[in-house]
Amino acid sequence: MERKLTKKELLLNFLRKMFFLTLGPCIAAFALEVFLVPNNIIDGGIVGISIILSYLTKINLGLLIFLINIPFFLLAFNKIGKKFVIQTFYAIGLSLAVKFLTIHHLPVTHDLLLATVFGGIALGTGVGLVLKNEGSLDGTEIMSLVLSKKFGFSVGEWIMAFNIFIYGASGLVFGWNKAMYAVLTYFIAFKVIDIVL
């Protein structure tokens with residue numbers, strides 16, 4: 001029979017989870033602001049769409065990430081559960097972290113390979129910490145969970161399908177060279193997420 005956790009243990013578990021749901025978005029925001037965005041290398045999902053739109057419209061990246069994710073919050077609230085949505089909503093503090101970490105003029109490097117590798121490692125670490133603590137940073141993950149339950153195919157297959165279109169758009173806006181670096185970033189981040197999980 002499983003032992004019931006004490007109030008102190010429940011509180012410590014909650015505080016630990018909130019710590020990582022705070023740290024993860026900050027690490028991901030750091031990856032975007034210092035490595036990826038200054039070099040026009042996108043991430044996948046809603047963040048990738050937001051980077052492209054921010055580049056084209058000059059609207060703040062953090063604001064776009066937050067606004068575009070709102071419909072996915074509503075979808076998740078009805079389909080997945082309140083706890084997941086609340087933790088995801090908190091983790092989307094990524095958008096606020098990006099808003100207050102707007103330092104595009106201070107990139108660490110302009111070397112595209114270095115930006116891709118270290119940006120992918122940092123991004124994967126941040127996203128992995130959030131996923132490990134039952135949150136999400138991207139509406140496409142929520143949409144993929146819903147579509148997977150309804151139509152079959154794995155969550156990963158749905159996310160990849162979305163990202164094919166997003167990387168295609170990246171190629172049209174930033175050039176195919178940058179789009180290929182973006183795919184490499186995604187691959188590195190994906191592997192790091194696996195390690196974190």
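**A walk through an all-helix prediction**

Helices α1 and α4 are oblique to each other, and that pair makes a good first stop on this tour of a predicted model. Select residues 7-36 for α1 and residues 82-91 for α4: the two axes come within 9 Å and cross at roughly 45°. That angle lies outside the 65 to 115 degrees that would count as roughly perpendicular and is not under 35 degrees, so the label is oblique.

Now show the side chains where these helices touch. On the α1 side, pick K17, M18, L21, T22 and P25; on the α4 side, pick K83, Q87, Y90 and A91. Colour them by class and you will find five nonpolar, two polar and two charged residues in this contact.

**Zoom out to the whole chain**

Switch to a cartoon view. How many helices and strands are there? The chain has nine helices and zero strands, so a walk from the N terminus reads α-α-α-α-α-α-α-α-α. If you colour by burial, 45% of the 197 residues count as buried. Turn on contacts as well: among those with a separation of 6 or more, 73% join residues 24 or more positions apart.

**Colour by confidence**

Next, colour by pLDDT. The chain average is 83, and 88% of the residues score at least 70. Where is confidence lowest, and where is it highest? Select residues 93-100, helix α5, for the lowest mean, 64; then select residues 112-132, helix α6, for the highest, 92. As a reminder while you look around, predicted coordinates should not be read in detail where pLDDT is low.

**Finish at the rings**

Keep helix α6 in view and display the aromatic side chains. The structure holds six aromatic pairs. For one of them, select F35 and F118: the ring centres are 6.4 Å apart and the planes sit at 25°, so this pair is stacked. F35 belongs to helix α1 and F118 to helix α6, so the pair links parts of the chain that are 83 residues apart.

Are these two rings buried or exposed? F35 has 9% relative accessibility, which is under the 20% cut-off, so F35 counts as buried. F118, at 44%, falls between 20% and 50% and therefore counts as partly exposed.

For the last selection, add F30 to F35 and F118: ring pairs link the three into a cluster. With F35 you are back on helix α1, the helix that crosses α4 at roughly 45°.

Note on methods:
Residues numbered from 1 in each chain as written. Predicted model: local features only at pLDDT ≥ 70, side-chain atom pairs only at ≥ 80, totals over all residues. Heavy atoms only, no water. Axes fitted to C-alpha atoms, helices over the stretch in contact; angles between N-to-C directions. Helix = DSSP H or I, 4+ residues; strand = E, 2+ residues; numbered from the N terminus. Parallel < 35°, antiparallel > 145°, perpendicular 65-115°, else oblique. Contact = heavy atoms within 4.5 Å. Nonpolar A, V, L, I, M, F, W, Y, C, P; charged D, E, K, R; others polar. pLDDT = per-residue confidence, 0-100. Phe/Tyr/Trp six-rings, centres within 6.5 Å; stacked < 30°, edge-to-face > 60°. Buried < 20%, exposed > 50% of the residue type's maximum accessible area, 1.4 Å probe, protein only.
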